[in-house]
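Could you walk me through this structure, one selection at a time? I have it open in my viewer and would like to know what to click next.

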Amino acid sequence: MPPQVVEAMQRPMVPHRGPEFSEFYIALIERLKRLHRTEAEVLLWPGSGSAGWEIAAVNLLEPGDVVVAGVTGDFGDRFALVASTFGADVRRVELEWGNAIVPERLDAALRAAPGAKAVLLTHNETSTAVTNPLAELTAVAQEHGALVLVDAVSSAGGIPIEFDAWDVDYLFSGSQKAWMCPPGVAIVVAGRRAWERTRETGTHRFFWDMDRNLEMTKKGWTPTTPPISLLYALDAATAMIEEEGLEAVFDRHRRLGDMTRAGLGQLGLRLLADDAYASNTVTAFFPPDGVEARTIIDRMASEFGITLAGGQAHLASSLIRIGHMGWVDDEDIESCLTALNDVLESV
Ligand SMILES: Cc1ncc(COP(=O)(O)O)c(C=O)c1O
């Protein structure tokens, strides 16, 4: 996290029902709208990114609703699981890990699921380091009259999202990734069709009720006690993003993604993601033949203090991931690649 974000969390508490808080909160919500390029409603909850799946399921879906889920990895799988847990009739489009869901594939799935109420998409599949083509997929879903519900946990704030121009209906993220904050705030954006849908669904909901949250947000309040220190962090981080400029932030992520992929290629390492859809916030690669992913991850940590992640699900022990989202610059990637080179020379 940037020092400014750490510092912001030291600010004294204020009463969350006082004028100082509501003024602060309204300004934060307005900034988050600008950063999502939207005039739609932005809502915050105390919670991790996973809250976004459940908020979608309890507000926008009803048991029995036909839903098409693009499953491009572990997080797409969980989105589908949450929807089916709440009773939706989920039709999964399963992609081999490393591949994106392309518009033709979604179109075929929607043709096979007439009357589908929603499409579940993972913008950036963190488990495979793939970015799905959200603008094109949204257009396909809209043609079929299905709501577009998007997990943007590892894309928002790092990879372009045009909520209004692309006509997305619902999109969520968590504070801890490209937003450069500690975990703990779930960020939801909901457009007109999503609000219409909340008024049709008769599901039970309270803590995650979008309408209750909106009613309070409009007054500068939160429905429950907010995580004030984390909101201060989010305020400082998003101010930094605006200061750098959203386009500049996206360009930096593009550059870091290119640098990481090129560097790993030079080290002779094989990447998981289809190059055409490679993510600019995370890169996944396989260790050289005969070398355990865990050995590399452990040595990077113990010898260089660099934390890499392993894979997930069936690739848990065979994949390595480098996160390059948020407060990361060229030097971080260069030192990571240099350290990796050293480790590879002696494994
Ligand atoms: C794409 C994606 N979706 C959802 C989640 C779940 O978010 P959280 O762990 O904050 O609940 C993650 C977490 O890494 C993620 O990367």
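Two strands count as paired if DSSP finds at least two bridges between them. Keep that in mind as you explore this predicted model.

**Stop 1: a run of parallel strands**

Select residues 66-71, which form strand 2, together with strand 4. These strands run parallel and are joined by three bridges. For one example, click Ala-69: its bridge partner in strand 4 is Leu-120.

Now highlight strand 4 itself, residues 118-122. Is strand 4 mostly covered or mostly uncovered? It is mostly covered, with five of its five residues buried. Turn the view to see both faces: Ala-118, Leu-120 and Thr-122 are buried on one side, and Val-119 and Leu-121 are buried on the other.

Next, add strand 7, residues 147-151. Strand 4 pairs with strand 7 over five bridges, again in the parallel sense. Here Thr-122 has Asp-151 as its bridge partner.

**Stop 2: Leu-147**

Stay in strand 7 and click Leu-147. Why does Leu-147 count as buried? Because its relative accessibility is 7%, and buried means under 20%. Leaving aside neighbours within four places in sequence, Leu-147 is in contact with Lys-117, Ala-118, Val-119, Asp-169, Arg-193, Ala-194 and Arg-197. Try your distance tool as well: the C-alpha atoms of Leu-147 and Phe-79 are separated by 15 Å, and these residues are 68 apart along the chain.

**Stop 3: helix 4**

Phe-79 belongs to the next selection, helix 4, which covers residues 74-85. Helix 4 has twelve residues and reaches 16 Å from its first C-alpha to its last, close to the 16 Å expected at 1.5 Å a residue. Colour its buried residues: Asp-74, Phe-75, Gly-76, Phe-79, Ala-80, Val-82 and Ala-83. As you look at them, remember that an α-helix has 3.6 residues a turn, so residues three or four places apart point the same way. After helix 4 comes Gly-87, whose phi is positive, near 95 degrees.

**Stop 4: the ligand**

Show the ligand and the residues around it, including Trp-53, Phe-75, Thr-122, Asn-124, Asp-151 and Lys-177. You have already met Phe-75 in helix 4, and Thr-122 and Asp-151 as bridge partners.

Which side chain has an N or O atom 2.5 Å from an oxygen atom of the ligand? It is that of Ser-48. The side chain of Gln-176 also has an N or O atom 2.7 Å from a ligand oxygen. With Gly-49, look at the backbone instead: one of its N or O atoms lies 2.8 Å from an oxygen atom of the ligand.

**Stop 5: two loops**

Click Arg-37, in the loop between helix 2 (19-35) and strand 1 (41-46). Its phi is near 50 degrees, a positive value in a residue other than glycine. Arg-37 is partly exposed, with a relative accessible area of 26%.

Then go to Ala-129, in the loop between strand 5 (124-125) and strand 6 (130-131). Ala-129 has a positive phi too, about 65 degrees, although it is not a glycine. At 1% relative accessibility, Ala-129 counts as buried.

**Stop 6: an antiparallel sheet**

Finally, select strands 10, 11, 13 and 12, which make an open, antiparallel sheet in that order. Its edge strands are strand 10 (270-271) and strand 12 (309-310), each pairing on one side only. Helix 11 (residues 246-266) packs on this sheet, touching strand 10, strand 11 and strand 13. To finish, find Gly-310, which stands opposite Ile-320 in strand 13.

Technical notes
Residues are numbered from 1 along each chain as its sequence is written. This is a predicted model: local features need pLDDT of at least 70, side-chain atom pairs count only at pLDDT 80 or more; totals for chains, interfaces and linings use all residues. Side-chain values use heavy atoms; hydrogens and water are left out. Helices (H or I, at least four residues) and strands (E, at least two) are DSSP runs, numbered from the N terminus. Contact means heavy atoms within 4.5 Å. Axes are lines fitted to C-alpha atoms, for helices over the stretch in contact, and angles run from 0 to 180 degrees between N-to-C directions. The expected span of a helix is 1.5 Å times one less than its number of residues. Buried means under 20% relative accessible area, exposed over 50%, partly exposed in between (1.4 Å probe, protein chains only). A residue is near a molecule or strand if one of its heavy atoms lies within 4 Å of it. A polar contact is a pair of N or O atoms within 3.5 Å; within protein, one must be able to donate a hydrogen and the other to accept it, and residues adjacent in sequence count only if both atoms are side-chain atoms.
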